[in-house]
Amino acid sequence: MSQHPLPDHLHLDTLAVREAVDKSQYGENSEALYLTSSFTQPDCETAARRFSGEQDGYIYSRFTNPTTDSMERRLAALEGAEACIGTASGMAAVLLLCMGLLKSGDHVVCSRSVFGSTMKLLGSEFGKFGVTTSFVSQTDLVEWKNAITPNTKLLFAETPTNPLTEVCDIRALADIAHAAGALLAVDNCFCTPALQRPIDLGADIVVHSGTKYLDGQGRVIAGALCGSHELITKTFIPVMRSAGMSLSPFNAWVVLKGLETLGIRMEAQCQRALEMAKWLEAHPKVARVYYPGLPSHPQHELAMKQQSGKGGAVVAFDVHGSTPAEGRKNAFHVIDSTRLMSVTANLGDVKTIITQPASTSHGRLTEEQRLAAGIQQHLIRVAVGLEHLDDLKADLSRGLDTL
């Protein structure tokens with residue numbers, strides 16, 4: 001169906017609602033969900049041209065689908081990227097990134113504070129195939145520079161990190177990467193483009209777990225890579241076409257709908273998280289709070305500059321404990337005393353989530369790896385949702401006040 005093209009220079013909130021593929025002949029207002037494995041072709045010649053890439057057209061939902069295309073176009077527009085490719089999960093996005101860019105003998109420099117599964121994938125799984133990874137301090141630019149070797153192909157950062165909310169200087173890391181002839185990939189899961197756009201700061205690739213804030217209601221698993229048209233079409237789509245870590249059309253449609261409310265959700269959840277962080281910082285049973293929106297955070301000024309003046313929706317804190325065993329016991333007590341929060345390792349939901357990272361999201365790491373990443377047994381992570389803040393405080397107080 002013919003329609004007017006979108007005007008140039010639209011605001012993010014508008015793009016989040018309007019950017020998509022053209023409407024079908026039926027003129028649907030809400031984007032259509034195309035649940036089909038394949039697409040018929042009008043004749044053999046057209047089929048041949050589409051399969052060879054000489055002509056645009058939908059072929060097979062493993063790598064071409066209008067619903068997935070809509071989600072990819074919308075997310076790319078929000079991130080300020082030329083293109084995007086959806087994946088089956090956030091970790092599938094990291095896998096696609098590495099499969100597309102790396103080969104045996106290549107080297108990666110990665111923050112040692114990234115998500116536990118990312119550390120396992122880079123440090124263990126790709127190590128089997130001759131890719132080496134150096135893990136460095138999230139915040140020490142000298143360590144990043146010193147880790148560069150002649151065969152360094154990729155720098156990988158996550159900012160803020162999960163769960164300690166450490167913030168790296170994206171522009172500085174981009175300069176380090178480009179001076180070495182490498183690319184910088186940034187996991188933007190915690191902030192989303194509603195708060196932070198790494199490509200504007202020099203990053204080459206943005207990594208997403210759409211499972212988190214992009215969906216926003218804990219309904220589906222999804223991931224994505226955003227970057228230049230050349231990287232997406234020449235580097236990642238060929239790997240996707242062969243390897244098939246594809247985003248299903250249904251999950252793409254759910255994320256597409258989630259993006260429509262991303263801005264207002266992030267605004268509300270960031271505000272609640274800031275108030276909770278302030279409350280926790282004043283609580284006598286809390287040893288330390290990790291939240292970029294607090295002036296006490298080591299990278300507070302940088303976070304406010306990079307993250308549109310907001311701290312995000314994830315708060316982590318330490319309860320007291322003189323030994324690891326006591327810290328674990330106290331953390332478990334606080335979490336098990338909640339009656340409202342969801343005890344699970346996900347984040348980004350409108351329902352507030354609480355977890356002990358040392359035994360969940362980072363449970364597969366060795367104790368040495370956990371300690372190097374700063375993940376102690378007394379650490380608790382709260383991904384703040386949309387419940388009333390007084391109810392959330394009361395829920396945490398049940399455990400904190402009885403320690």
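**Notebook: sheets, helix contacts, a pocket and a cavity**

I began with strand pairing, and found that β10 and strand β11 (residues 353–355) pair in the parallel sense over two bridges. I looked up the partner of Val-343 and found Ile-354 in β11 as its bridge partner. A reminder to myself before going on: this is a predicted model.

**Entry: the five-stranded sheet**

Next I wanted the setting of that pair. I found an open sheet of five strands, with the order β8-β9-β12-β11-β10 and mixed pairing. At its edges I noted β8 (286–290) and β10 (342–343), each of which pairs on one side only.

**Entry: the seven-stranded sheet**

I then turned to another sheet. This one is open as well, and I counted off seven strands in the order β1-β7-β6-β5-β4-β2-β3, again with mixed pairing. Why do β1 and β3 each have one side without a neighbour in the sheet? They stand at the edges, β3 being residues 132–136, and each has a single partner strand, so one side of each is left without a neighbour. I also checked the turn between neighbouring strands of this sheet: on average it is 20°, direction ignored.

I picked one pair here for a closer look. Strand β6 (residues 205–209) pairs with strand β7 (residues 223–227) in the antiparallel sense, over four bridges. Within it, I saw His-208 standing opposite Ala-224 of β7.

Which strands does helix α4 lie across? I found that α4 (residues 90–101) lies across β1, β4, β5 (183–187), β6 and β7, and that it runs at about 150° to β6. I looked at α7 too, which lies across β4 and β5 and runs at about 150° to β5.

**Entry: two helix pairs**

For packed helices I noted the angle between the axes and the distance between them, as such pairs are described by these two values.

My first pair was helix α3 (residues 66–79) with helix α10 (residues 249–259): they pack at an angle of about 35°, and their axes are 8 Å apart. I recorded this crossing as left-handed. From α3 I listed Thr-67, Thr-68, Ser-70, Met-71, Arg-74, Leu-75 and Leu-78 in the contact, and from α10 Pro-249, Ala-252, Trp-253, Val-255, Leu-256 and Leu-259. By class I have nine nonpolar, three polar and one charged residues for α3 with α10.

My second pair was helix α11 (residues 262–281) with helix α15 (residues 389–400), whose axes come within 11 Å and cross at roughly 35°. The crossing of α11 and α15 is right-handed. On the α11 side I found Arg-272, Glu-275, Met-276, Trp-279 and Leu-280, and on the α15 side Leu-389, Leu-392, Lys-393, Leu-396, Ser-397 and Leu-400. The residues of this contact divide into seven nonpolar, one polar and three charged.

**Entry: the largest pocket**

How much space lies in the largest pocket? I have about 980 Å³ for it. Its lining has 32 residues, and those nearest the centre are Asp-56, Phe-63, Thr-64, Thr-233 and Ile-237. The elements giving two or more residues to this lining are α2 (44–52), α3, β1 (83–87) and α9 (229–243). I noted that α9 gives the most, with seven residues. By class, I have twelve nonpolar, twelve polar and eight charged residues in the lining of the pocket.

**Entry: the cavity and the β4–α7 loop**

I searched the whole structure for cavities, and one of 30 Å³ or more turned up. The volume of the largest cavity is about 40 Å³. I listed its lining as Pro-160, Thr-165, Phe-190, Cys-191, Pro-292, Gly-311, Gly-312, Ala-313 and Val-314. The classes for this lining are six nonpolar, three polar and no charged.

Pro-160 made me look at the backbone next. It lies in the loop between β4 (152–158) and α7 (170–179), and a cis peptide bond joins it to Thr-159, with omega about -5°. I found Pro-163 in the loop between β4 and α7, and a cis peptide bond joins Asn-162 and Pro-163, with omega about 10°. Thr-165 is found in the loop between β4 and α7 too, and I read its phi as near 55°, a positive value in a residue other than glycine. I flagged these because most residues other than glycine have a negative phi, and most peptide bonds are trans.

Notes:
Residues numbered from 1 in each chain as written. Predicted model: local features only at pLDDT ≥ 70, side-chain atom pairs only at ≥ 80, totals over all residues. Heavy atoms only, no water. 1 Å grid on protein atoms, 1.4 Å probe; cavity = no way out; pocket = protein on both sides within 12 Å on 5 of 7 lines; lining within 4 Å. Points joined across faces, edges and corners; volume = space filled by probe spheres on them. Nonpolar A, V, L, I, M, F, W, Y, C, P; charged D, E, K, R; others polar. Pairing = 2+ DSSP bridges. Axes fitted to C-alpha atoms, helices over the stretch in contact; angles between N-to-C directions. Left-handed = near helix turned anticlockwise from the far one by under 90°. Contact = heavy atoms within 4.5 Å.
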